[in-house]
Number of protein chains: 2
Amino acid sequence: MSDDVRNIDDALSRITAYWQPHRLTSINDYDVKVVKIHGEFVWHDHPDTDELFMVLNGELIIQLRDRDVVLGPNDVFVVPRGVEHRPKADEEVHALLFEPKGTVNTGSAGGEMTSPLRELP
Amino acid sequence: MSDDVRNIDDALSRITAYWQPHRLTSINDYDVKVVKIHGEFVWHDHPDTDELFMVLNGELIIQLRDRDVVLGPNDVFVVPRGVEHRPKADEEVHALLFEPKGTVNTGSAGGEMTSPLRELP
């Protein structure tokens with residue numbers, strides 16, 4: 001499936017809310033998602049999949065139970081499946097996520113920060 | 001699997017040759033690859049998988065049989081499985097690739113530009 005050319009900066013300009021992943025494009029049964037992050041998310045894990053974070057702008061902290069992983073621009077980190085984590089950012093962060101279709105942002109935790117994957121407006 | 005934090009700029013600084021994909025990190029059974037591109041590649045397709053290109057720097061042209069797709073910085077394009085394509089760049093381009101483990105750069109074409117996936121030095 002092709003979405004033809006998608007531009008990350010254009011995608012970011014269309015996103016207004018934090019913690020709402022939007023689909024940039026897809027490859028096979030994986031989605032590439034764009035998200036704006038600010039504040040603290042919820043502790044959660046994804047029992048069935050790894051999750052890739054790529055920071056575009058800002059500083060993203062991914063809290064693990066035993067340490068904090070600090071990511072700056074162009075840093076990439078993969079949270080292994082089943083590992084509890086909590087993303088947080090004191091200032092606005094722009095990031096890409098790579099993960100299998102159907103991966104829910106709050107994983108097995110659920111709750112009010114659960115967000116469906118949105119198409120770009 | 002986690003490779004801990006990988007930085008795209010650091011990875012690029014370690015790559016000296018064109019058309020040699022290096023593994024940045026992996027998620028499930030997919031690899032994220034970094035590559036430097038200059039000149040013309042070979043026409044090829046990947047019968048079993050889509051292939052995602054993300055341009056970091058420069059202008060990458062992905063020739064399809066019926067048109068040229070022109071990609072600039074932060075542009076993302078997915079070549080659908082089975083679609084013949086030829087990447088080319090008049091000036092140096094830095095790009096990320098996202099595709100299933102085992103995907104060969106020259107696909108079903110083979111030939112002297114075939115390159116194994118390398119680990120970063």
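A polar contact is a pair of N or O atoms within 3.5 Å; within protein, one atom must be able to donate a hydrogen and the other to accept it, and residues adjacent in sequence count only if both atoms are side-chain atoms. In this predicted model, 20 residue pairs, both at pLDDT 80 or more, are in polar contact between chain A and chain B. Strand 1 (6–7), helix 1 (8–13) and strand 2 (22–27) are among the elements of chain A that each supply at least two residues to the side touching chain B. Helices (H or I, at least four residues) and strands (E, at least two) are DSSP runs, numbered from the N terminus.

The two chains share 2 salt bridges, a salt bridge being a side-chain nitrogen of Lys or Arg within 4 Å of a carboxyl oxygen of Asp or Glu. A:Asp4 pairs in this way with B:Arg67, with the closest N and O atoms 3.2 Å apart.

Contact (heavy atoms within 4.5 Å) involves 36 residues from chain A and 36 residues from chain B. About 2,800 Å² is buried between the chains, 55% of it from carbon and sulfur atoms. In chain A, A:Ile27, A:Asn28 and A:Tyr30 lose the most area to chain B, together 21% of what that side buries. Buried area is the accessible area (1.4 Å probe) lost by two parts on being put together, summed over both.

Local features need pLDDT of at least 70, side-chain atom pairs count only at pLDDT 80 or more, and totals for chains, interfaces and linings use all residues. Residues are numbered from 1 along each chain as its sequence is written, chains are lettered from A, and side-chain values use heavy atoms, without hydrogens and water.
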